[in-house]
Amino acid sequence: MGGFDLTRLRAVVFDTDGVVTDTARVHAAAWKHVFDAFLRGRSAPFDVCADYLAFVDGRPRLDGVRTFLAARGISIPEGGPGDEPGAATVHGLGRAKDALFAEAIERHGVAAFPSTVALLHELRRRGCRTGLASASRHCRAVAASAGVLALFDVLVDGIDAAELGLAGKPDPALFLEAARRLNLPPAEVAVVEDALPGVEAARRGGFGLVVAVDRSATPDGLEHVDRAPALLAAGADVVVGDLADLTVLGRVPVGRR
């Protein structure tokens, strides 16, 4: 199946939702609640499978609003950060989704995928550095809630992206910033993603290995969708159903750890 060759890779950068934490379904549910309320009388309801994966998954929140509504042929004002959550503007819908996601995380907490946690421990045991990169402003809080924040040497999130003016995926800027903070060239860094825009971003950024995770279910866990062909076409070097399918070979420096 393949894996990480640490004779040529010195770090691995992970996306958060759907890769490290089981939060993709929480995002999808929040988007459906917001979009269905807005679409009532305008268009068909938001499809938690097809619409989420095609237009929202992996994108910055406001880009997700713009991309999805454009696909439905709907145009609304951009608005601004002060808009009321749920207002018929890009910012209003984005703020409503953000509030729902934050509420769900606070109420129910976050779970990390055990296989990802095991991989992180193994990479670090062997002397490989790790990073976390996400377009979400909740990335740090999500990682902390899941108990995995200490397993990453660097973190780049939506707050950093806004402050630094980093473009959203499929632009590679977020991943390139993580590589910069690791003081490594992209060719010596692997990226693990589950979203098509993220895979495309990693390929465009010239990263040494692009691993895509296809967990063989939609975000609501109800319907099988084989995304492997699309992920490979977007630039993945390998597609796995779970990170337990990957091997780690190479370094174990510093007293054999």
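Let's start at Ser115, which sits in helix α5 (residues 114-125). Helices here are DSSP runs of H or I with at least four residues, strands are runs of E with at least two, and both are numbered from the N terminus. This is a predicted model, in which local features need pLDDT of at least 70 and side-chain atom pairs count only at pLDDT 80 or more, while totals for chains, interfaces and linings use all residues. Residues are numbered from 1 along each chain as its sequence is written, and side-chain values use heavy atoms, with hydrogens and water left out.

Is Ser115 buried or exposed? Its relative accessibility is 15%, so Ser115 counts as buried; the cut-offs are under 20% relative accessible area for buried, over 50% for exposed, and partly exposed in between, with a 1.4 Å probe and protein chains only. Setting aside residues up to four places away in sequence, Ser115 touches Asp242, Leu243 and Ala244, where contact means heavy atoms within 4.5 Å.

Now for the sheet. It is an open one of 6 strands, in the order β4-β3-β2-β5-β6-β7, with parallel pairing. Two strands pair if DSSP finds at least two bridges between them. At the edges are β4 (154-156) and β7 (238-240), each of which pairs on one side only. From one strand to the next, the twist averages 20 degrees. Helix α5 packs on this sheet, touching β2 and β3 (129-133), and its direction makes about 155 degrees with that of β2. Angles like this run from 0 to 180 degrees between N-to-C directions, and axes are lines fitted to C-alpha atoms, for helices over the stretch in contact. Helix α8 packs on the sheet too, touching β2, β3, β4 and β5, with its direction at about 155 degrees to that of β4.

Strand β5 deserves a closer look. On one side, β5 pairs in the parallel sense with strand β2 (residues 11-14) over 4 bridges, and Ala11 has Val189 as its bridge partner in β5. There is also parallel pairing between β5 and strand β6 (residues 209-213), over 4 bridges, with Ala190 opposite Leu209 in β6. How many residues of β5 are buried? In this strand (residues 189-193), 5 of the 5 are, so β5 is largely enclosed by the rest of the structure. In a regular strand the side chains alternate between the two faces of the sheet. Both faces of β5 are covered, with Val189, Val191 and Glu193 buried on one side and Ala190 and Val192 buried on the other. Moving outward, β6 and β7 pair in the parallel sense over 3 bridges, and Ala212 stands opposite Val239 in β7.

The loop between α8 (173-181) and β5 holds Ala187. Ala187 is partly exposed, with a relative accessible area of 45%. Its C-alpha atom is separated by 9.4 Å from that of Arg10, although the two residues are 177 apart along the chain. Leaving out neighbours within four places in sequence, Ala187 is in contact with Arg8, Leu9, Gly206, Phe207 and Gly208. One of these, Gly206, comes just after α9 and takes a positive phi of about 75 degrees. Helix α9 itself (residues 196-204) has Pro197, Gly198, Val199, Ala201 and Ala202 as its buried residues, and they pack against α8, β5, β6 and α10 (228-234).

Finally, on to the helix pairs around α3. Helix α1 (residues 24-39) packs with helix α3 (residues 61-71) at an angle of about 45 degrees, their axes 13 Å apart. That makes α1 and α3 oblique to each other; angles under 35 degrees count as roughly parallel, over 145 as roughly antiparallel, 65 to 115 as roughly perpendicular, and the rest as oblique. Which residues make the contact? From α1 come Trp31, Phe35, Phe38 and Leu39, and from α3 come Arg61, Gly64, Val65, Phe68 and Leu69.

Helix α3 also packs with helix α4 (residues 90-108), at about 120 degrees and with the axes 9 Å apart. These two helices, α3 and α4, are therefore oblique to each other as well. On the α3 side, the contact is made by Arg61, Leu62, Val65, Arg66 and Leu69; on the α4 side, by Val90, His91, Leu93, Gly94, Arg95, Lys97 and Asp98.
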